[in-house]
Amino acid sequence: MRKRLCVLLLAALSAMACGVTSTGVQDGGPPPVISPKAAVATVYLLRDGKLEPSSVAVASHSMDNVMAALFEAGARSTSGLTTELTGLTWQTSQLTRFGTVRNDPDNADGFRLSLFVAGGRPITKKALAQMTCTAMRQRQDIWAVTITRTDATGPMSYGEHTCREFWHLAAPGRQLPR
């Protein structure tokens with residue numbers, strides 16, 4: 001008991017010596033509220049069969065969120081923009097190094113992005129262009145995009161693409177990513 005009293009007395013004296021005065025409970029106001037900023041990304045939709053950039057709201061700038069927004073934007077567009085992604089469902093993406101030096105992971109030339117979609121119909125050239133150019137617009141270090149569609153029969157690869165191969169689909173006066 002005596003030991004506890006000494007400890008309490010020492011703590012009280014220490015607090016007073018440091019200039020700390022005890023106070024009652026004080027109201028500090030309402031708790032802080034974190035308001036996320038709206039994120040916007042550029043996706044490629046179609047106007048008269050040509051690729052046209054369109055700004056859409058996204059949950060974040062992660063590739064999965066941007067691609068999900070691309071698939072949703074085409075379904076709800078009302079400004080004369082259309083999509084070739086109807087009947088396809090966004091699944092996921094995977095980013096891998098493209099051209100690394102063995103045992104030196106910091107020396108990468110760029111990245112290959114693999115996109116995975118599901119659906120019972122083939123992917124058209126314009127749909128490939130929409131996905132490829134949207135992905136390459138998000139990150140300058142993506143050098144190639146591979147696209148795979150899965151359905152009841154299994155996966156089907158649509159090969160590796162760059163936005164450059166779709167430049168003939170650019171809307172007049174619009175420039176596509178490299």
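Rings of Phe, Tyr and Trp, the last taken by its six-membered ring, are treated as a pair if their centres lie within 6.5 Å, and planes under 30 degrees apart count as stacked, over 60 as edge-to-face and the rest as tilted. The legends below apply to a predicted model.

**View 1. The aromatic pair of Phe71 and Trp90 in the predicted model.**
By this rule the structure has 1 aromatic pair. The ring centres of Phe71 and Trp90 are 6.0 Å apart and the ring planes stand at 45 degrees, so the pair is classed as tilted. Distant parts of the chain are linked by this pair, since Phe71 belongs to helix H2 (residues 63-76) and Trp90 to strand S3 (residues 88-101), with their positions 19 residues apart in the numbering. Phe71 has a relative accessibility of 11% and therefore counts as buried, and Trp90, at 14%, counts as buried too.

**View 2. Helix H2, which carries Phe71.**
The helix has 14 residues and reaches 20 Å from its first C-alpha to its last, close to the 20 Å expected at 1.5 Å a residue. The buried residues of H2 are Met63, Val66, Met67, Ala69, Leu70, Phe71, Ala73 and Gly74, so that the aromatic partner from View 1 appears here among the covered positions of its helix, with its relative accessibility of 11%.

**View 3. The charged end of Arg139 over the ring of Phe111.**
In this view the charged end of Arg139 sits over the ring of Phe111, and the distance to the ring centre is 5.3 Å.

**View 4. The disulfide between Cys133 and Cys163.**
The structure holds 1 disulfide, which joins Cys133 to Cys163 with an S to S distance of 2.0 Å. The torsion about the S-S bond of Cys133 and Cys163 is about 100 degrees, so the disulfide is right-handed. Because Cys133 lies in helix H3 (residues 125-138) and Cys163 in the segment after strand S6 (154-161), the pair ties together parts that are 30 residues apart in sequence. Both Cys133 and Cys163 are buried.

**View 5. Helix H3, which carries Cys133.**
At 1.5 Å a residue the 14 residues of H3 should span 20 Å, and the end C-alpha atoms of the helix are 20 Å apart, which agrees. H3 is mostly covered, with 10 of its 14 residues buried. These buried residues are Ala127, Leu128, Ala129, Gln130, Met131, Thr132, Cys133, Thr134, Ala135 and Met136.

**View 6. The surroundings of His161 in strand S6.**
His161 has a relative accessible area of 7% and is therefore buried. The side chain of His161 reaches the backbone oxygen of Tyr158 at 2.6 Å, and a polar contact of 2.9 Å joins the side chains of His161 and Glu165. Leaving aside neighbours within four places in sequence, His161 is in contact with Leu128, Thr132, Ala144, Val145 and Phe166; of these, Leu128 and Thr132 are included among the buried residues of H3 shown in View 5.

**View 7. Thr42 in strand S1 and its contacts.**
Thr42 has its place in strand S1 (residues 39-47) and, at 17% relative accessibility, counts as buried. With neighbours within four places in sequence left aside, Thr42 is in contact with Pro53, Ser54, Ser55, Thr134, Arg137 and Gln138. One of these partners, Thr134, is listed among the buried residues of H3.

**View 8. Arg47 in strand S1 and its contacts.**
Arg47 is found in strand S1 and counts as partly exposed, at 29% relative accessibility. The side chain of Arg47 makes a polar contact of 3.1 Å with the side chain of Glu52. Apart from neighbours within four places in sequence, Arg47 is in contact with Glu52, Ser79, Gly80 and Leu81. Arg47 and Ser79 are 32 residues apart in sequence, while their C-alpha atoms are 9.3 Å apart in space.

**View 9. The whole chain, as context for the close-ups.**
The secondary structure of the protein comes to 3 helices and 6 strands, and from the N terminus on the elements run α-β-β-α-β-β-α-β-β. Buried residues make up 35% of the 178 residues in the protein. Among contacts between residues at least 6 apart in sequence, 59% join residues at least 24 apart.

Terms used
Residues numbered from 1 in each chain as written. Predicted model: local features only at pLDDT ≥ 70, side-chain atom pairs only at ≥ 80, totals over all residues. Heavy atoms only, no water. Helix = DSSP H or I, 4+ residues; strand = E, 2+ residues; numbered from the N terminus. Buried < 20%, exposed > 50% of the residue type's maximum accessible area, 1.4 Å probe, protein only. Lys NZ or Arg CZ within 6 Å of the ring centre and 35° of its normal. Disulfide = S-S within 2.5 Å. Contact = heavy atoms within 4.5 Å. Expected span 1.5 Å × (residues − 1). Polar contact = N/O pair within 3.5 Å; in protein donor to acceptor, adjacent residues only side chain to side chain.
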